[in-house]
Amino acid sequence: TSIEVSMPKDKIPIYIEASRAFGTGEHATTSLCIEAINSLNELPINSVFDLGTGSGILSFVSEKLWPQAKIYGCDIEETSVEIAKSNIICNNSKINFYQNSESEPLNPSTNIKFDLIVSNILAVPLIALAPQIISLIKPNSHIILSGFLDYQLKSVLDAYEKHGLRIEKVLTKDKWVAVLFS
């Protein structure tokens, strides 16, 4: 297709039809999360959980970097899950997308722990979900959080640091923030 022809040779293509779901890669928080994910590309990541997947873009980026990984992506919006699932086909993907709920936000219907959790949602749910998110990580794993503004950073950091996570990197763009914890 013309998309492939215009693709730079040093880039890996991801095809996203976001339509009614968040996640085209254009928003600052999405691009910050992609930058944080890419910074981990040399690590042996075998399991990824994308909480609030939207179009699935962060799951697809993760799958391109770690094709052997088991990847789960969930969203509380039925439309987002439908769109993410439709993006599986054009990305030749094996990601497991499913709909969760606000009452059971982190039920990937599996008991596995994750090497990487990424969540690009809002500050309030990220803070509220901190204990649950942390309970899903393996030792020596990573969490990438975004979807909040610079004035909310301290509250998000406090919620995760009190559980023993260490800030590895803070990325900012246009007053939006992403944090990489280890």
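The legends below accompany close-up views of one predicted model.

Residues are numbered from 1 along each chain as its sequence is written. Because this is a predicted model, local features need pLDDT of at least 70 and side-chain atom pairs count only at pLDDT 80 or more, while totals for chains, interfaces and linings use all residues, and side-chain values use heavy atoms, with hydrogens and water left out.

**View 1. Confidence along the chain, with its lowest mean in helix α1 and its highest in strand β7.** The mean pLDDT of the chain, a score from 0 to 100 for the predictor's confidence in each residue, is 87, and 82% of the residues reach 70 or more. Helices (DSSP runs of H or I, at least four residues) and strands (runs of E, at least two) are numbered from the N terminus. Helix α1 (residues 2-5) has a mean of 42, whereas strand β7 (residues 176-181) has a mean of 98. Over residues 1-8 the pLDDT stays under 50, and for this stretch the model has four contacts beyond four places in sequence, a contact being heavy atoms within 4.5 Å.

**View 2. Helix α2 and the elements against which its buried residues pack.** Residues are called buried at under 20% relative accessible area, exposed at over 50% and partly exposed in between (1.4 Å probe, protein chains only). Nine of the 11 residues of helix α2 (residues 28-38) are buried, so the helix is largely enclosed by the rest of the structure. Among these buried residues are A28, L32, C33, I34 and I37. The buried residues of α2 pack against helix α3 (57-65) and against the strands β4 (114-120), β5 (137-149), β6 (167-173) and β7.

**View 3. Strand β4 and its parallel pairing with β1 and β5.** Seven of the seven residues of β4 are buried, so this strand is largely enclosed by the rest of the structure. Strands are taken to pair if DSSP finds at least two bridges between them. Strand β1 (residues 47-51) runs parallel to β4 and is joined to it by four bridges, with L51 having S119 of β4 as its bridge partner. Six bridges join β4 to β5, again in the parallel sense, and N120 stands opposite S146 in β5.

**View 4. Strand β7 and its antiparallel pairing with β5 and β6.** Five of the six residues of β7 are buried, so β7 is largely enclosed by the rest of the structure. The pairing of β5 with β7 is antiparallel and extends over six bridges, with I144 opposite L180 in β7. Strands β6 and β7 also run antiparallel and are joined by six bridges, and the bridge partner of L171 in β7 is A178. These two strands, β6 and β7, form a hairpin with two residues between them, where D174 in the turn has a positive phi of about 55°.

**View 5. The loop residue D150 and its surroundings.** D150 lies in the loop between β5 and helix α7 (153-161), and its relative accessibility of 40% places it among partly exposed residues. Leaving aside residues up to four places away in sequence, D150 touches K175 and V177. The C-alpha atoms of D150 and W176 are separated by 5.8 Å, although these residues are 26 apart along the chain.

**View 6. The aromatic cluster of F49, Y72 and F114.** Rings of Phe, Tyr and Trp (its six-membered ring) pair if their centres lie within 6.5 Å, and planes under 30 degrees apart count as stacked, over 60 as edge-to-face and the rest as tilted. The whole structure holds four aromatic pairs. One of them is the edge-to-face pair of Y72 and F114, at 5.9 Å centre to centre and with 80° between the planes. This pair links distant parts of the chain, with Y72 in strand β2 (residues 70-75) and F114 in strand β4, 42 residues apart. Both Y72 and F114 are buried, and ring pairs link them with F49 into a cluster.

**View 7. Salt bridges K94–E63 and D158–K154.** A salt bridge is a side-chain nitrogen of Lys or Arg within 4 Å of a carboxyl oxygen of Asp or Glu, and the structure holds four. K94 forms one with E63, the closest N and O atoms being 3.9 Å apart. K94 lies in the loop between α4 (78-90) and β3 (96-99) and E63 in helix α3, so the pair ties together parts that are 31 residues apart in sequence. K94 is exposed, with a relative accessible area of 53%, whereas E63 is buried, at 9%. In the salt bridge of D158 with K154, the closest N and O atoms are 2.9 Å apart. Both residues, D158 and K154, lie in helix α7, four residues apart, about one turn of the helix.
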